[in-house]
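Here's a quick tour of a protein chain for anyone just getting started with structures. Have a look at the picture first, then we'll walk through it topic by topic.

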Amino acid sequence: MAPPKENVSLLFKLYCLTVMTLVAATYTVALRYTRIAETELYFATTAVCITEVIKLFLSVGILAKETGSLGRLMTSLRENILGSPKELLKLSVPSVVYAVQNNMAFLALSNLDAAVYQVTYQLKIPCTALCTVLMLNRSLSKLQWFSVFMLCGGVTLVQWKPAQVTKVQMEQNPWLGFGAIAIAVLCSGFAGVYFEKVLKSSNTSLWVRNIQMYLSGIVVTFVGVCMSEGAQVLERGFFYGYTYYVGFVILLASVGGLYTSVVVKYTDNIMKGFSAAAAIVLSTVASVMLFGLQITLSFALGALLVCISIYLYGLPRQDTTKIQPSLETVSSKEKLINM
């Protein structure tokens, strides 16, 4: 059954993108503050796990408002959660893939210079665009492809930090690092577009889909806590080092996660990437004012490229609120570049 077309105004899409960008920028600055200002550093893995729990409860609350009564809410949860193990398994895929991505990114950073890592990891932006074309049967114009690679370059320059000589020498395996970064890039593109495909391929409520994904997310992140910091958590406690500021960071991450799903549902993953790039620029500017970070020429040039790429990609293009039907007559070349 084809999903019904949902009429969403341009103003609503802009609102969601703007809020998502501002929340992400605020989250980055607040997170940095909690990691440098707190005397007793909290466990980051526990914060991620709690974020998933909060997103789950928020989604249940919004679904309750959407259904209109407790009875209909319970019926929806029973049918879509308890009665749909296959759907739960389907939505566990992004959580598992994101977990793999994070571990591969850590492995890559351990085996590559920071500068090399910064450049290669931004390949997740064009990789997401490629997954969008291949998995959603969507086409991008030459200008849009150009803007995607411009964004990739802009983000690289914004985050660029010259290599510094350190006294500590680490044994690195560049081939292992490049292999790990390749897997991380592919995971990033695949997981985001896979979730978008699931959202837009059925008429199931967005909040039901979120609940399905966050349930698996809680399991995956809790396993991450046990594997990475289990002994320390048992010794010091799950909420060790938590303050009101840490709670604020977790709340921002939770709200940002919900807005991200709305953006993916009603725009696409590429726009989500552009929003994330804008958030990086905004958070860096805020860091200049709050933490005394120095603006560099590479940052200024990168910020300019990000702004131009956002403008170019935002020029009139095809509707991305739904998946385009697959046409056997369309060649692979036409799918990659729509003349």
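Among contacts in the protein between residues at least 6 apart in sequence, what percentage join residues at least 24 apart? The figure is 88%. Keep in mind that what you're looking at is a predicted model. Its secondary structure adds up to 13 helices and 0 strands, and 44% of the 339 residues count as buried.

**The overall build**

- Follow the sequence from start to end and you get the pattern α-α-α-α-α-α-α-α-α-α-α-α-α.
- An unreviewed UniProt entry lists several stretches as "transmembrane region", including residues 42-64, 143-160, 207-230 and 297-315.
- In the model, residues 42-64 come out as 91% helix and 0% strand, with the C-alpha atoms at the two ends 33 Å apart.
- Residues 207-230 are 100% helix and 0% strand, and here the end C-alpha atoms are 31 Å apart.

**How α7 and α12 pack**

- A handy thing to know before reading on: two packed helices are described by the angle between their axes and the distance between the axes.
- For α7 and helix α12 (residues 297-313), the axes are 7 Å apart and the packing angle is about 155°.
- Angles over 145 degrees count as roughly antiparallel, so that is the label for α7 and α12.
- The crossing of α7 past α12 is left-handed.
- On the α7 side, the residues making the contact include L143, F146, M150, L151 and L157, while α12 brings in residues including F299, L301, L305, I308 and Y313.
- Sorted by class, this contact has 16 nonpolar and 7 polar residues, with no charged ones.

**α9 and its partners**

- Helix α9 (residues 206-236) and helix α10 (residues 244-266) have axes that come within 11 Å and cross at roughly 125°.
- That angle makes α9 oblique to α10, and α9 passes α10 in a right-handed crossing.
- The α9 residues in this contact are L206, W207, N210 and Y214, and they meet G257, L258, S261, V262 and K265 of α10.
- Split by class, the contact of α9 with α10 has 5 nonpolar, 3 polar and 1 charged.
- What about helix α3 (residues 70-82)? Its axis and that of α9 come within 10 Å, crossing at roughly 50°.
- α3 and α9 are therefore oblique to each other, and their crossing is right-handed.
- S76, L77, N80 and I81 are the α3 residues here, facing V208, I211, Q212 and L215 in α9.
- The contact of α3 with α9 contains 5 nonpolar and 3 polar residues but no charged ones.

**Residues that link far-off parts of the chain**

- L58 sits in helix α2 (residues 44-67) and is partly exposed, with a relative accessible area of 32%.
- Which residues does L58 contact, leaving aside its neighbours within four places in sequence? They are S254 and L258.
- L58 and V255 are 197 residues apart along the chain, yet their C-alpha atoms are separated by 8.6 Å.
- G230 belongs to helix α9.
- Buried means under 20% relative accessible area, so G230, at 15%, counts as buried.
- G230 is 185 residues from T45 along the chain, and the C-alpha atoms of the two are separated by 9.8 Å.

**Two more residues to find**

- Is S188 buried or exposed? S188 counts as buried, with 14% relative accessibility.
- You'll find S188 in helix α8 (residues 174-200).
- Not counting residues up to four places away in sequence, S188 touches Q101, K124 and T128.
- N137 lies in the loop between α6 (124-136) and α7 (142-158).
- Although N137 is not a glycine, it has a positive phi of about 55°.
- N137 is partly exposed, and its relative accessible area is 24%.

Notes
Residues are numbered from 1 along each chain as its sequence is written. This is a predicted model: local features need pLDDT of at least 70, side-chain atom pairs count only at pLDDT 80 or more; totals for chains, interfaces and linings use all residues. Side-chain values use heavy atoms; hydrogens and water are left out. Axes are lines fitted to C-alpha atoms, for helices over the stretch in contact, and angles run from 0 to 180 degrees between N-to-C directions. Helices (H or I, at least four residues) and strands (E, at least two) are DSSP runs, numbered from the N terminus. Angles under 35 degrees count as roughly parallel, over 145 as roughly antiparallel, 65 to 115 as roughly perpendicular and the rest as oblique. A crossing is left-handed if the near helix is turned anticlockwise from the far one by less than a right angle, and right-handed if clockwise. Contact means heavy atoms within 4.5 Å. Ala, Val, Leu, Ile, Met, Phe, Trp, Tyr, Cys and Pro count as nonpolar, Asp, Glu, Lys and Arg as charged, and the others, Gly among them, as polar. Buried means under 20% relative accessible area, exposed over 50%, partly exposed in between (1.4 Å probe, protein chains only). UniProt positions are given in the numbering used here, feature names are shortened, and annotations may be inferred rather than shown by experiment.
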